[in-house]
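Reader: Hello! Could you walk me through this structure, one question at a time?

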Amino acid sequence: MSKVHTTATKQIQAISIGQIILDDSNYLTLWGHVQQDGVWYPCDLVTTYEVMNTMLRYSHEKNDAVQMTIVEKLENMCRIPEMIDLEAELGAAVVFDNMTFYLSRPESHEWEICTDDACYFIQKVVALPPAGPPQPPAVRADLTETMEHCMQTLLNYYDLYLGYIEIELEDEAARIKAGLADDLSFTMAYYAWQLHHSDQA
């Protein structure tokens with residue numbers, strides 16, 4: 001899937017995710033439910049790694065386990081597509097709330113057929129204002145260190161790739177030499193590199 005075309009946007013304030021599907025595109029497929037008017041409805045969701053990172057950031061320590069599960073799966077990924085079964089690994093689906101999800105219907109009629117008209121693309125996520133005085137999020141030092149190490153490793157791979165491109169190596173050869181032959185690793189390395197440089201801007 002190279003690009004998702006969407007229609008009108010709707011807003012949801014809670015979703016639950018039971019499974020995450022990783023493939024060789026720039027998108028994640030989430031199997032779960034959306035909450036509307038207090039009722040949970042089954043739904044497939046598609047989003048980008050950038051939006052997923054925002055969801056995890058807004059959910060603070062509550063979803064440390066989700067973040068670590070994704071990182072471990074990416075590091076040890078042996079097939080495409082790969083599924084992360086959060087319900088099996090964590091004992092239950094993971095609820096993301098206290099934020100507003102901007103959802104759109106994909107325009108592709110094929111998607112509607114495949115998902116029984118229950119598929120949305122998460123365009124963006126916005127955190128809801130805190131109900132009371134702001135509380136600093138609890139941070140686990142070991143988790144933060146692991147994530148920083150993972151991001152730095154991906155950043156180093158992408159810097160290496162850029163170095164090979166600079167000496168006019170062909171793109172495919174540069175990706176192989178930098179350890180980024182598969183599209184998923186390349187995408188994650190690019191996001192790590194982009195995040196690092198946006199933080200320095």
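Author: Gladly, and a definition comes first: helices (H or I, at least four residues) and strands (E, at least two) are DSSP runs, numbered from the N terminus. This is a predicted model, in which local features need pLDDT of at least 70 and side-chain atom pairs count only at pLDDT 80 or more, while totals for chains, interfaces and linings use all residues. Residues are numbered from 1 along each chain as its sequence is written, and side-chain values use heavy atoms, with hydrogens and water left out.

Reader: Thanks! How many helices and strands does the chain have?

Author: Counting the DSSP runs just described, the chain has seven helices and eight strands.

Reader: What is the average pLDDT of the chain, and what share of the residues score at least 70?

Author: pLDDT is the predictor's confidence in each residue, from 0 to 100. The chain averages 79, and the share of residues that score at least 70 is 77%.

Reader: Which element of the chain has the lowest mean pLDDT?

Author: At the other end of the scale, helix H6 (residues 171-177) has the highest mean, 92. Over residues 109-115 the pLDDT is below 50, and this stretch has 10 contacts (heavy atoms within 4.5 Å) beyond near neighbours in sequence. Where pLDDT is low, the predicted coordinates should not be read in detail. The element with the lowest mean, 43, is helix H4 (residues 109-114).

Reader: What percentage of the residues of the chain count as buried?

Author: Buried means under 20% relative accessible area, exposed over 50%, and partly exposed in between (1.4 Å probe, protein chains only). Of the 201 residues of the chain, the buried share is 37%.

Reader: Is strand S2 largely enclosed or open?

Author: Strand S2 covers residues 15-22, and eight of its eight residues are buried. One of them is serine 16, which counts as buried because its relative accessibility is 8%. Serine 16 touches Trp31, Gly32, His33, Trp40, Ala93, Val94 and Val95, leaving aside residues up to four places away in sequence. With eight of eight residues buried, S2 is therefore largely enclosed.

Reader: Which strand pairs with S2 over seven bridges?

Author: Two strands pair if DSSP finds at least two bridges between them. S2 also runs antiparallel to strand S6 (residues 94-96), with three bridges, and to strand S5 (residues 82-85), with four bridges. The seven-bridge partner forms a hairpin with S2, with four residues between them. That antiparallel partner is strand S3 (residues 27-36).

Reader: Which residue in S6 is the bridge partner of isoleucine 15?

Author: Other strands offer similar landmarks: isoleucine 17 stands opposite glycine 32 in S3, and glutamine 19 stands opposite aspartate 85 in S5. For isoleucine 15, the bridge partner in S6 is phenylalanine 96.

Reader: How far is the C-alpha atom of tyrosine 41 from that of isoleucine 15?

Author: Tyrosine 41 is found in strand S4 (residues 39-48) and counts as partly exposed because its relative accessibility is 41%. Tyrosine 41 touches Gly32, His33, Val34 and Gln36, again leaving aside residues up to four places away in sequence. Tyrosine 41 and isoleucine 15 are 26 residues apart along the chain, and their C-alpha atoms are separated by 9.3 Å.

Reader: What is the phi of aspartate 37 near?

Author: Aspartate 37 is found in the loop between S3 and S4. Aspartate 37 counts as exposed because its relative accessible area is 77%. Its phi is positive, in a residue other than glycine, and is near 55°.

Reader: What kind of aromatic pair do tyrosine 161 and phenylalanine 186 form?

Author: Rings of Phe, Tyr and Trp (its six-membered ring) pair if their centres lie within 6.5 Å; planes under 30 degrees apart count as stacked, over 60 as edge-to-face and the rest as tilted. The structure holds nine such pairs. In this one the centres are 5.0 Å apart, with 85° between the planes, so the pair is edge-to-face.

Reader: Which helices does that pair tie together?

Author: Tyrosine 161 is buried, with a relative accessible area of 8%, and phenylalanine 186 is buried at 17%. The two residues are 25 residues apart in sequence, and they lie in helix H5 (residues 141-166) and helix H7 (residues 183-200) respectively, so the pair ties together parts of H5 and H7.
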